[in-house]
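The following note is offered to a colleague reading this model. It takes up the nonpolar core and then the charged pairs.

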Amino acid sequence: QVELVESGGGLVQPGGSLRLSCTASGSISSINSMGWYRQAPGKQRELVAMITSSSSTNYADSVKGRFTISRDNAKNTVYLQMNSLKPEDTAVYYCNAVVRVLINYNNYWGQGTRVTVSS
């Protein structure tokens, strides 16, 4: 059993910043990629940013230059630093991790944390 717990969402004004955190716990042998997705009302879930075990990163075009993903492998934690936030960044943000448990790789999701960008 693996659990992802997110924190750091909230209400922020346009141009502001937030930092999301997600920690994985449970029967973890290793973690491959970790990432953040978001889902705005009436829209499909989309990739925001992803980071591999070797710290290679990938970002959605809409957040490049504003968001930074990082991870602390010792803590099984991934972070998303969000700067210059825009109203269109408003969404529920979900943490994702591909986790090896013994010989199997499984995909896990957090419960989501809401980010609202509004004046």
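1. In this predicted model, the largest nonpolar core comprises 32 residues. Trp36, Leu80, Met82 and Tyr93 are those with the most contacts inside this core.

2. Two or more residues of this core are supplied by each of the strands β1 (2-7), β3 (18-26), β4 (30-39), β5 (46-51), β7 (67-72), β8 (77-82), β9 (91-101) and β11 (113-117). The largest share comes from β9, which gives six residues. As a general remark, nonpolar side chains in soluble globular proteins tend to be buried together.

3. Met82 merits a separate entry. When neighbours within four places in sequence are left aside, Met82 is in contact with Gly16, Ser17, Leu18 and Leu20, and also with Arg66, Phe67, Tyr93 and Val115. Among these partners, Tyr93 is also one of the residues with the most contacts inside the core, while Arg66 takes part in a salt bridge with Asp89.

4. On the charged side chains: a search of the whole structure finds four salt bridges. Which residues are linked in a network of salt bridges? The network joins Arg38, Glu46, Arg66 and Asp89. In general terms, side chains of opposite charge can pair when their charged atoms come close.

5. Arg38 meets Glu46 in a salt bridge, with an N to O distance of 2.8 Å. Is each partner buried or partly exposed? Glu46 counts as partly exposed because its relative accessibility is 36%, which lies between the limits of 20% and 50%. Arg38, by contrast, has a relative accessible area of 6% and is therefore buried, the limit being under 20%.

6. Arg38 also forms a salt bridge with Asp89, at 3.0 Å from N to O. This pair links distant parts of the chain: Arg38 lies in strand β4 and Asp89 in the loop between β8 and β9, 51 residues apart. Asp89 has a relative accessibility of 1% and so counts as buried.

7. The side chain of Asp89 meets that of Arg66 in a further salt bridge, 2.7 Å from N to O. Here too the pair links distant parts of the chain, 23 residues apart, with Arg66 in the loop between β6 (57-59) and β7 and Asp89 in the loop between β8 and β9. Both Arg66 and Asp89 are buried.

Methods: Residues numbered from 1 in each chain as written. Predicted model: local features only at pLDDT ≥ 70, side-chain atom pairs only at ≥ 80, totals over all residues. Heavy atoms only, no water. Core = buried A, V, L, I, M, F, W, Y, C linked by side-chain atoms within 4.5 Å. Buried < 20%, exposed > 50% of the residue type's maximum accessible area, 1.4 Å probe, protein only. Helix = DSSP H or I, 4+ residues; strand = E, 2+ residues; numbered from the N terminus. Contact = heavy atoms within 4.5 Å.
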